[in-house]
Amino acid sequence: LMVQSQSALSLVYSALSDPTRRAMITRLARGPVSVSALAQPLNMSLTAAAKHVRLLERSGIVSTRKTGRVRTCHIDPKRLGLAQDWLAKQRAVWEERF
């Protein structure tokens, strides 16, 4: 279980490490949106945006649903909580030490 949660945490931080994916997450925090709508303000192709979305899906931060030809993305704030919880625990240790 510990290895599984560490793996999930690694996927979350890997997803968050890229500024394009962070911009997508910021946009999705306002509500669901299509992959093409995520790509548009970032001036990237739909193919490039879809690759970022797949990585966000693999991390569990984002889920998608396809209706017809449109793939809509939704954010899962609970998954982002993994990163927040880990940082809070580390901060407590750091503050105790210093």
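# A tour from Ile25 outward

Select Ile25 first: leaving out residues up to four places away in sequence, Ile25 touches Leu16, Leu56, Ile61, Ile75 and Leu80. The model on screen is a predicted one. Ile25 is found in helix H2. With a relative accessibility of 9%, Ile25 counts as buried, because the cut-off for that is under 20%. For a distance across the model, pick the C-alpha atoms of Ile25 and Arg65: these residues are 40 apart along the chain, and the two atoms are separated by 16 Å.

**Helix H2**

Extend the selection to the rest of H2, residues 19-28. Thr20, Arg21, Met24, Ile25 and Leu28 are buried here. Looking down the axis of H2, the buried residues fall within an arc of 140°, so they line one face of the helix. An α-helix has 3.6 residues a turn, so residues three or four places apart point the same way. Turn to the other side of H2 to find Pro19 and Thr26, which are exposed.

**The whole chain**

Zoom out. The chain has five helices and three strands, and from the N terminus its elements run α-α-β-α-α-β-β-α. Along its principal axes, the C-alpha trace spans about 50 × 25 × 20 Å. Colour by accessibility: of the 98 residues in the chain, 29% are buried. Of the contacts between residues at least 6 apart in sequence, 53% join residues at least 24 apart.

**The nonpolar core**

Next, show side chains in the largest nonpolar core, which has 16 residues. Leu38, Leu56, Ile61 and Cys73 are those with the most contacts inside this core. Helices H1 (2-16), H2 (19-28), H3 (35-39) and H4 (46-59) each supply at least two of the core residues.

Stay on Cys73. Leaving aside neighbours within four places in sequence, Cys73 is in contact with Leu28, Pro32, Val33, Val35, Leu38, Val53, Val62, Ser63 and Thr64.

**The sheet**

Which residue in S3 is the bridge partner of Val33? It is Cys73. Select strand S1 (33-34) together with strand S3 (residues 70-75): two bridges join them, and they run antiparallel. Adding S2 completes an open sheet of three strands in the order S1-S3-S2, with antiparallel pairing. S1 and S2 (62-67) stand at the edges with a single partner strand each, so one side of each is left without a neighbour in the sheet. H4 packs on this sheet, touching S2 and S3, and the direction of H4 makes about 120° with that of S2.

**Helix H4**

Move to H4 itself. Its 14 residues should span 20 Å at 1.5 Å a residue, and the end C-alpha atoms are 20 Å apart, which agrees. Which residues of H4 are buried? They are Ala49, His52, Val53, Leu56 and Ser59. Viewed down the axis of H4, the buried residues fall within an arc of 110°, so they line one face of the helix. The face turned away from that buried side carries the exposed residues Thr47, Lys51 and Arg58.

Follow the backbone just past the end of H4 and stop at Gly60, which takes a positive phi of about 90°. To close the tour, return to Leu56: this residue of H4 is buried, is among those with the most contacts inside the largest nonpolar core, and is one of the residues that Ile25 touches.

Technical notes: Residues are numbered from 1 along each chain as its sequence is written. This is a predicted model: local features need pLDDT of at least 70, side-chain atom pairs count only at pLDDT 80 or more; totals for chains, interfaces and linings use all residues. Side-chain values use heavy atoms; hydrogens and water are left out. A nonpolar core is a set of buried Ala, Val, Leu, Ile, Met, Phe, Trp, Tyr and Cys residues joined through side-chain atoms within 4.5 Å. Buried means under 20% relative accessible area, exposed over 50%, partly exposed in between (1.4 Å probe, protein chains only). Helices (H or I, at least four residues) and strands (E, at least two) are DSSP runs, numbered from the N terminus. Contact means heavy atoms within 4.5 Å. The expected span of a helix is 1.5 Å times one less than its number of residues. The arc is that of the directions from the helix axis to the C-beta atoms. Two strands pair if DSSP finds at least two bridges between them. Axes are lines fitted to C-alpha atoms, for helices over the stretch in contact, and angles run from 0 to 180 degrees between N-to-C directions.
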